[in-house]
Amino acid sequence: MPSIQDKFNELSSHLSALLDCNPIEAVKQAQEIDLNAYLDGPQRVNLMSLKAAILVDGGALTKQQDAIEEGLALFCELHNLFPIVSF
């Protein structure tokens, strides 16, 4: 049985490949990721990051301003969760 990390890696690879060949579909599938299904924990943060990146990149490629704004809102939420980066 695949682990949660394996499923995330598979989704990430799928969306990244889709972004290269069909960015409109990549944006559509990213928008369908239901973050409410993951109320807490690292899985939610990982999915938020992935969703935000695909929305911003795909939105830029397809000139979908709403997708870019949705992705930026997720990045802002992530920044609010983790405002200080320590090295």
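**How the helices pack**

In this predicted model, let me begin with helix α1, residues 4–21, and helix α2, residues 23–31, whose axes come within 6 Å and cross at roughly 145 degrees. On the α1 side, the residues that make this contact are His14, Leu15, Leu18, Leu19 and Cys21, and they meet Pro23, Glu25, Ala26, Gln29 and Ala30 of α2. If we sort the residues of that contact by character, we find 7 nonpolar, 2 polar and 1 charged.

Let us stay with α2 for a moment, and ask which of its residues are buried. They are Pro23, Ala26, Val27 and Ala30, and because these residues cover an arc of only 100 degrees around the axis, they lie on the same side of α2. It helps here to remember that an α-helix has 3.6 residues a turn, so residues three or four places apart point the same way. And what covers the buried residues of α2? The cover includes α1, α3, which is 42–62, and α4, which is 65–81.

That brings us to the pair α3 and α4, which pack at an angle of about 150 degrees with their axes 7 Å apart, and whose crossing is left-handed. From α3, the residues in contact include Val45, Met48, Ala52, Leu55 and Val56, while those from α4 include Ile68, Leu72, Phe75 and Leu78. Charged residues take part as well, among them Arg44 and Lys51 in α3 and Glu70 and Glu77 in α4. Taken as a whole, the contact of α3 with α4 divides into 13 nonpolar, 3 polar and 4 charged residues.

Definitions and conventions:
Residues are numbered from 1 along each chain as its sequence is written. This is a predicted model: local features need pLDDT of at least 70, side-chain atom pairs count only at pLDDT 80 or more; totals for chains, interfaces and linings use all residues. Side-chain values use heavy atoms; hydrogens and water are left out. Axes are lines fitted to C-alpha atoms, for helices over the stretch in contact, and angles run from 0 to 180 degrees between N-to-C directions. Helices (H or I, at least four residues) and strands (E, at least two) are DSSP runs, numbered from the N terminus. Contact means heavy atoms within 4.5 Å. Buried means under 20% relative accessible area, exposed over 50%, partly exposed in between (1.4 Å probe, protein chains only). The arc is that of the directions from the helix axis to the C-beta atoms. A crossing is left-handed if the near helix is turned anticlockwise from the far one by less than a right angle, and right-handed if clockwise.
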